[in-house]
Amino acid sequence: DIATLKENSITIKVDGEEVKVYDETGRLVVVKNGINSNRTSILMNTLLKVYVVKVTTDYGVKVSKVLIR
């Protein structure tokens with residue numbers, strides 16, 4: 001997986017030009033651009049949600065689903 005969960009933080013393990021996080025209804029909740037690290041974290045302040053993480057890189061688009069409990 002390109003995205004993993006630890007506590008209320010989603011860690012993305014791909015160097016990407018753009019990261020988008022969508023909630024379970026498809027609403028865009030986070031956008032990060034210009035990530036030049038192979039690991040970045042996004043704090044999600046929620047109790048129970050399903051998120052879809054979409055990472056755009058030079059090599060294409062990668063998608064991962066993350067469940068926060």
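Author: A salt bridge here is a side-chain nitrogen of Lys or Arg within 4 Å of a carboxyl oxygen of Asp or Glu. Keep that cut-off handy, and keep in mind that this is a predicted model.

Reader: Okay, so what makes Asp23 and Arg27 a salt bridge?

Author: The closest N and O atoms of Asp23 and Arg27 are 3.3 Å apart. The limit is within 4 Å, so the pair qualifies.

Reader: Which other pair passes, and what is the total count of salt bridges?

Author: Glu18 and Lys20 also make one through their side chains, with N to O at 3.8 Å. The count comes to two salt bridges by this rule. As for the general idea, side chains of opposite charge can pair when their charged atoms come close.

Reader: Is Asp23 buried or exposed, and how do you know?

Author: Asp23 has a relative accessible area of 6%. Buried means under 20%, so Asp23 is called buried.

Reader: And its partner Arg27, buried or exposed?

Author: Arg27 comes in at 52% relative accessible area. The exposed class starts over 50%, so Arg27 belongs there.

Reader: Why are Glu18 and Lys20 called partly exposed?

Author: Glu18 has a relative accessible area of 24%, and Lys20 has 22%. Partly exposed is the class between the 20% and 50% cut-offs, so both residues get that label.

Reader: Let's go to Thr57. Where does Thr57 lie, and what makes it buried?

Author: Thr57 lies in strand E6, which covers residues 49-57. Its relative accessibility is 8%, and the buried class is under 20%, so Thr57 counts as buried.

Reader: What does the side chain of Thr57 reach, and why would that be called a polar contact?

Author: The side chain of Thr57 reaches the backbone nitrogen of Tyr59 at 3.0 Å. A polar contact needs N or O atoms within 3.5 Å, so that distance fits.

Reader: What about Asp58, buried or exposed?

Author: Asp58 sits in the loop between E6 and strand E7 (60-68). With a relative accessible area of 63%, against a cut-off of over 50%, Asp58 is therefore exposed. The C-alpha atoms of Asp58 and Gly16 are separated by 7.4 Å, though these residues are 42 apart along the chain.

Reader: How do you know that E1 and E2 are paired?

Author: Strand E1 (residues 3-6) and E2 share four bridges in the antiparallel sense. Pairing takes at least two bridges, so these strands make the cut. One of the partnerships is Ala3 with Ile12 in E2. The two strands form a hairpin with two residues between them, and Glu7 in the turn has a positive phi of about 55°.

Reader: And what joins E2 to E5?

Author: Four bridges join E2 (residues 9-12) to E5, and the strands run antiparallel. With at least two needed, that is a pair too, so the label holds. Ser9 has Leu43 in E5 as its bridge partner.

Reader: Which residues of E5 are on the covered face?

Author: Thr40 and Ile42 make up the covered face of E5 (residues 40-43), while Ser41 and Leu43 are on the uncovered one. In a regular strand the side chains alternate between the two faces of the sheet.

Reader: Zooming out, what pattern does the protein follow along the sequence?

Author: The pattern reads β-β-β-β-β-β-β, with zero helices and seven strands. Buried residues make up 35% of the 69 residues.

How values were computed. Residues numbered from 1 in each chain as written. Predicted model: local features only at pLDDT ≥ 70, side-chain atom pairs only at ≥ 80, totals over all residues. Heavy atoms only, no water. Buried < 20%, exposed > 50% of the residue type's maximum accessible area, 1.4 Å probe, protein only. Polar contact = N/O pair within 3.5 Å; in protein donor to acceptor, adjacent residues only side chain to side chain.
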